[in-house]
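Open the model in your viewer and keep the selection panel at hand. The stops below go from one selection to the next.

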Amino acid sequence: QVQLVESGGGLVQAGGSLRLSCAATGRTSSIYAMGWFRQAPGKEREFVAQITWRGGITYYVDSVKGRFTVSRDNAKNTVYLQMNSLKPEDTAVYSCAANWAGSSGWDYWGQGTQVTVSS
């Protein structure tokens, strides 16, 4: 089992920055990758970015490339999402998720944190 807790959301003006954190506890040694997702009101949940737990390989959805950076601190069992040049369309509840080694999907989810970007 893995527990995930996000923090760092809030209200920011367009063009501003926020850094989200996702702290993992439990059997973190079995995590293969960590991901960030977001869901805006009335829309489906959208993949944002991911990073492999050991190798640090990253992948981003096109809409955030060049603006968002995902990173991890293995010593702290924490993954970060640095969000720069924020746009109103980035407004959503952001959630982190963990992919268990050997699993094809996202197995554990955090509760989410609200990010609101004002124009």
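Select Asp90 to begin. In this predicted model, Asp90 counts as buried because its relative accessibility is 1%, under the 20% cut-off.

Now add Arg38 to the selection. Arg38 forms a salt bridge with Asp90, and the closest N and O atoms are 2.9 Å apart. The two residues sit in distant parts of the chain, 52 residues apart: Arg38 belongs to strand S4 (residues 31–39), while Asp90 is in the loop between S8 and S9. Arg38 has 7% relative accessibility, so Arg38 counts as buried too.

Keep Asp90 selected and add Arg67. The side chains of Arg67 and Asp90 meet in a salt bridge, at 2.7 Å from N to O. Arg67 is in the loop between strand S6 (58–60) and strand S7 (68–73), and Asp90 is in the loop between S8 and S9, so this pair ties together parts that are 23 residues apart in sequence. With 10% relative accessibility, Arg67 counts as buried. Add Glu46 as well: salt bridges that share partners join Arg38, Glu46, Arg67 and Asp90 into one network.

How many salt bridges are there by the rule used here? The count comes to 4. As background, side chains of opposite charge can pair when their charged atoms come close.

For another of these salt bridges, select Lys65 and Asp62. Their side chains meet at 3.0 Å, N to O. Are these two residues buried or exposed? Lys65 is partly exposed, at a relative accessible area of 48%. Asp62 counts as exposed because its relative accessibility is 60%, over the 50% cut-off.

Clear the selection and move to the cysteines. Select Cys22 and Cys96, which form a disulfide with sulfur atoms 2.0 Å apart. The pair links distant parts of the chain, with Cys22 in strand S3 and Cys96 in strand S9 (residues 92–100), 74 residues apart. Set a dihedral about the S-S bond: the torsion is about 60°, so the disulfide is right-handed. Cys22 and Cys96 are both buried. The disulfide count comes to 1. In general terms, a disulfide is a covalent bond between the sulfur atoms of two cysteines.

Next, select Ser21, in strand S3 (residues 18–26). Ser21 counts as buried because its relative accessibility is 14%. Show its contacts, leaving aside neighbours within four places in sequence: the partners are Val5, Glu6, Ser7, Trp36, Thr78, Val79 and Tyr80.

One of those partners, Thr78, is the last stop. Thr78 is found in strand S8 (residues 78–83). Its relative accessible area is 8%, so Thr78 is buried. Which residues does Thr78 contact, leaving aside its neighbours within four places in sequence? They are Ser21, Cys22, Ala23, Trp53, Ser71, Arg72 and Asp73. Cys22, in this list, is also the disulfide partner of Cys96. Finally, add Lys76 to the view: a polar atom of the Thr78 side chain lies 2.9 Å from the backbone oxygen of Lys76.

Note on methods
Residues numbered from 1 in each chain as written. Predicted model: local features only at pLDDT ≥ 70, side-chain atom pairs only at ≥ 80, totals over all residues. Heavy atoms only, no water. Helix = DSSP H or I, 4+ residues; strand = E, 2+ residues; numbered from the N terminus. Buried < 20%, exposed > 50% of the residue type's maximum accessible area, 1.4 Å probe, protein only. Contact = heavy atoms within 4.5 Å. Polar contact = N/O pair within 3.5 Å; in protein donor to acceptor, adjacent residues only side chain to side chain. Disulfide = S-S within 2.5 Å.
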